[in-house]
Each structure stands twice: as C-alpha cells, then as structure tokens.
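Here is a structure to question piece by piece. Each turn asks what earns a label, and each reply sets a value against a cut-off.

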Amino acid sequence: AAAAYFATYGSRQIHGVEAAGTEVRGSNRFGRTVWRRDFAPFRVHMAHIIHTPGSWYRPDQQNPVKHVNDNFLGQLQHHQPPVTLAFLSHPAKGVLARNDSVNSDRCDNQMAILDPNGKLLDRRSYSESFGLRAYDFAPVFNMNSFREVEIEKGGEKLVLFQLQNFQGMYPSALVIGKGTSYSVLCSPGVILDARVLRNDSQGISMLVLAANNLFSHMNYLTEWNCSPLAGRHTEIFPAYFANHNYTTEEFPVFFPRISGIIENHWLKEGRVVLFDTEEGRTITVFRDGKLQVTRDGKVQNYRDLPAVLVEAYGLVNECFQQKDVRRNSQKALELAKEAAALPVQNPFLRSALFCLRGECEARLGRNAESRKSFNQALYHFPRNNDAMKRLLEVEFFEKGAPAAIALFERSFSQGKNFFGLGDTGNYLFLGYAHLAAGQAEKAREYFEKIYQGHFPDSRETLQSILELFAGNYDLAVSHLALAESKVPGFFDIRELRLLLARSLVLAGRDPVRGRWILEDLAKYSLRQGHMTEVSLCLLLARDGKTQEARERIGPAFAALKKIAAGDFETRLWLWYDAFLYARTMEILGDRSGAREGYRACLEANPHTALAAEARQALARL
C-alpha cells in the first residue's frame, strides 16, 4: 500500500508548477501539491518548469562559452531537471524608494531558480540576471511577454520572453531558453517582432525587428544566431559599455520607424518585406545586403557589402562611447566622419550617419558644419525627426529661442517623433523653447497638452519645471516629491532626481538629501552627471569647505559652458548653473567671478526669477 501511495498520489516527482499570489507551488502528475515557496511581498508573475536537460551545443563541445558557468543562468546547467524559474513582480511597480540610488536594482523585478524539491538555488533582479545595463537607464525591467515555441513535431521547445524597461527610452531584451541554456539580446528600444528561423542540434537563429532609440530612432532588422554557443549575450549598438564583433551574417539593417513585417521569406529566399505605413511603400531587405524600396510602381535598389556595414557599426559604437562615456567630443567627431564617409547606399542608414556626424559637430560648437550635416541627413531621409530636432537646436544655440520656434512653425511642424515621443515630443520641445523665450504661459499650454493627453503621470514633473523658472522653489519641491512617489511618466528617474536636487538647492531645504542626489547622479548618470558639479560646489562652499570648492568650481563651470554650446538640455538650464557659480564665487570672496556668473545667468535666460536676482546682485557688486 505504501509503495502504491508513493508511486501515485504521494509521489514527490514534480510534474508541474503554478503561481498563486506570492507563492509558487510544485505538484506531482496527480495534481497533489508537493512543495510551496513563498516570495512575499513579491507576487509571482508566473512560474516555468524545465523538464528536459537539453542544451544548445553539440555533445562533443565542452563548455564553448567559459563564462556561462560563472553567471546566474549558468547555474541551471549544473542541476538536473525539473528546475523551476519563478518570475517575481516587485510590489512598488517601478517606483524607486526615495533613498534608492538611480543605479540600484532593488526596485527591479526578479527571477528565482528552484530545484526539484522547491529549494531556492538563487534569486536576482532581471537587470543582473540578464545583463541589462548597456544603455544607461534605471535598472527596472518588466516581463513583457512569455511564450513557448515548438518548431518541429516532437522537438524540444524554446522559451521566448521579452523584458522591457519601465520608463524613459525603453531599452528591452529578448531572452531565448532551450533546456537549461539561455541567451539574451539587448536592444536600445522596444522589440517589435521576434520569429524563430531555425531550432535544431546546430543551434538557433531568430529574425528580430526592433527600435533603435539611440540611432536616429530608426527601426532595424537582424538575424540573431545563437549557434552553436550557449549563454550568448548580445547588445545591439550603440551600447555604452560593450564592444561589437558582428559577423557578416548578422548585421542590423535600418529603415523607417513605422514599419511592420508583411512577408517573411528569409530562410528560403533570403528576403523580408516590410510596409512603411506613413509613406505607403514597401521595403524589402535581402540577406546579401540589398535593400529594395517600392512605391507607386517605382523600384529603387541599394546594395551594401556586409563588411562595410560591420565597419560602420563598429565606428558608430565607438563614437557613442567617446561622445557620452569618455566625453571626448573631438575623437567622437573623427569617428562619426569616418563612418559617414563609408560607401553606404542604404539611404536611411546614411541619414542616421550624417545625423550622428552633425550631433558631434554641434557638441563642438561648429554650428555651420552641423547644419550642413543635418540637412544631408534630411536629404537622404526627409522624415528623420532627429535631424529636424537637431536643426532646431542649432537655431536655438545660434539665434535664440524665438528663432527656433519660428523655424519649427515654418519648416518642421510636420515632425512627429521629437525625443522619440511622437507628437508629445513636439509639445515638449516647444514648451522648453517658450520657457527660454520668457513666454511661460505659452509653455504651460504645451505642457498641459502633454499631461492631459497621453502622459498624465508627467503632470507634477512638468509643473515643477514651470515653477523653477518662475522662482516658486518650495512649490517645485512639493510637485517633485509627489512625482517621486509615482511612476514618472516619460521622464527617466534620473531627470526627475536632478530637478528635485535643483529645487532643494534653490529652496534651501534638506541639503543632505540634495547632496546625496547630486553625488549619486554624478557617479551613475552619463546624461545628467555633468550638470551636478556646480551645485555640489555651492554646497561645499556653504559647508565651509572653501578650499575644495575653489579647486572644483572653475573647471566645473568651464566644462559645463563648453558642453552647453552644443547640448540642448545643458543649454536650457545654464541660467541655473551660472547663478550658482556666481553665488559660490561670492561665498569664496571672488567678486570678479561672481559678476561673470551673474552676467552668464542673464545671457542664458534673462526671463527667470534667478535672472532678476542676478540683476540686483550685479547692481551691488
């Protein structure tokens, strides 16, 4: 009787698992629960059981990727199935605690590995589990989709799931699992379509369509091969902390953003047909590098050698690392020029290359050259919204906000994707430009269109910006404290934190938290780090650390002004940093430096509340 019991109802062999609230339950084939594992306060989003010990590489190959045994998912290969993966949802739903670093993954969703007896083998955040830190965004990722795919009857199933960043630029990742092996493809934008091309003993290949929000907000198509390696990790360029060694069989092909696959003949005929809904044309991508654009019966053919594309992509990736990580704008421009000079025929790729060159030229204050490059980008692809916005920024740098607004109304009002935000991006740019022009009510109208439309969660952040320009610093702090307790709309948490730090400094409130935010951003944000140093110098001077403040303030402000010559966000807020520079110099007893700072504040934006204070300060100095 005992033998019969343990062979049937009492069996402890796990046949299936299920998620139930904060628990994962393992059951035998008769449905009896054998073990439970509680992950409270996390909820179990889903649980997946691995029955087979299959791997991606041939039996004669011993561990072809050495590092796979050292990483989190590599542990799966050391345990006999059934192994359970539990995907856990963080109760904060993407809202960072006020004392969490912008680099912290404490708010990230998590994955846990359980052995056949329900014992916890390991548990880590998505960002750590899958290496999702290539694009300088807060490490908070959600499970976007999960499916099992069986290619051949009786064949081993693939597990496919997508992870997506919950805010900002929306970097994402495609994860493929087969047996106990996993590989990850990271993308600087949402993955729109992922189709299995091959799944056999030699390996796996996928056809991936996704957005690239760092490279002119283009779409790209790539064949991603995981054959015959296990544990492969691939970052689509431009990635800030990765080198790229694409093969000639595996290079992204770029085309307009609004496109979808309508025909897939990649395996048999080596081609995929996409449809560009905005232009009403078909774009056919061929495996041999050919690109065919058809509209109204007219056909245009372009052909690029894979080796040329591989060289171009390597140059672009290194350009971004020089530009944004190492802050070497001159070297970045040299690389961008070299990439733009390559014999690339794809007009969409050529447009993106010229846009990148123009951006590097603008960073160095070479406005005439950058204007030519952006116009070249629009010549090759008239719908390049990044090039349109960059031309408006050059106009802003050279002639001021009213001229940029006039150029928008005259030439670029058809732009539909500024900042990658669709029509909302237009409103955001115009709101900023009107603030710079001293037209606060007009800016408020555009901001209201944003939070009354698609992004209601951005209300408090946008209102705080208005209050900072108007001089209502305590009110700005209140708005941002509320914004920090919610998902911050389309604003990245790093942008929100920088606004909060500025508000705290100007309001004279909570200097300890203000300093912590600034130091955290300086350490962990490529985008906002340079805009923290002047504020930190003021806090040092206020704390009596005058020698350190004196050593840091001059180089900090000089570097900031240099960046502001070609970076829109830095230039938009230069009035703030110039005023803080002046106030720091006053504390340090340098009247000449103080006058320089106050004049720079008025020159950057004479319409702010701080500009009024700067005038009074200049009168007494």
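Q: What makes β9 and β10 a pair?
A: This is a predicted model. In it, β9 and β10 (residues 172–178) are joined by 6 bridges in the antiparallel sense. Pairing takes at least two bridges, so they count as paired. Leu160, for one, stands opposite Ile176 in β10.

Q: How do you know that β8 pairs with β9?
A: Count the bridges again. Strand β8 (residues 141–149) meets β9 over 8 bridges, in the antiparallel sense. At least two are needed, so this is a pair. The bridge partner of Phe146 in β9 is Phe161.

Q: Why is strand β9 called mostly covered?
A: Strand β9 covers residues 158–165, and 8 of its 8 residues are buried. Buried means under 20% relative accessible area. Both faces are covered. Leu158, Leu160, Gln162 and Gln164 are buried on one side. Val159, Phe161, Leu163 and Asn165 are buried on the other.

Q: Why are β1 and β3 said to stand at the edges?
A: The open sheet here has 3 strands in the order β1-β2-β3, with antiparallel pairing. β1 (16–20) and β3 (33–38) each have a single partner strand, so one side of each has no neighbour in the sheet. The twist from one strand to the next averages 20°.

Q: What makes β1 and β2 partners?
A: β1 and strand β2 (residues 23–27) share 5 bridges in the antiparallel sense. The cut-off is at least two, so they pair. In β2, Ser27 is the bridge partner of Gly16.

Q: Which strands are the edge strands of the sheet β4-β5-β6-β7, and what makes them so?
A: This open sheet has 4 strands, paired antiparallel. Its edge strands are β4 (43–50) and β7 (120–125), as each pairs on one side only. Neighbouring strands are turned by 20° against each other on average, direction ignored.

Q: How do you know that β5 and β6 are paired?
A: Strand β5 (residues 83–89) and strand β6 (residues 110–114) run antiparallel and are joined by 5 bridges. At least two would do, so the pair stands. Leu88 has Gln110 as its bridge partner in β6.

Q: Why are the buried residues of α7 said to line one face of the helix?
A: The buried residues are Asn367, Ser370, Ser373, Phe374, Ala377 and Leu378. Seen down the axis of α7, they fall within an arc of 140°, so they line one face. They pack against α6 (347–363), α8 (385–399) and α9 (401–412). The face turned away from the buried side carries Lys372 and Tyr379, which are exposed.

Q: How does the reach of α7 compare with the expected value?
A: Helix α7 (residues 367–380) has 14 residues. From first C-alpha to last it reaches 20 Å, close to the 20 Å expected at 1.5 Å a residue.

Q: Why do Cys319 and Cys360 not count as a disulfide?
A: Their sulfurs are 3.7 Å apart, too far for a bond. The pair would have to lie within 2.5 Å. Cys319 has 0% relative accessibility, so it counts as buried.

Q: What rules out a bond between Cys537 and Cys601?
A: The closest cysteine sulfur to that of Cys537 is in Cys601, 17 Å away, too far for a bond. Cys537 is buried too, with a relative accessible area of 0%.

Q: How many disulfides does a search of the whole structure find?
A: The search finds 0 disulfides.

Terms used: Residues numbered from 1 in each chain as written. Predicted model: local features only at pLDDT ≥ 70, side-chain atom pairs only at ≥ 80, totals over all residues. Heavy atoms only, no water. Axes fitted to C-alpha atoms, helices over the stretch in contact; angles between N-to-C directions. Expected span 1.5 Å × (residues − 1). Buried < 20%, exposed > 50% of the residue type's maximum accessible area, 1.4 Å probe, protein only. Arc of directions from axis to C-beta. Contact = heavy atoms within 4.5 Å.
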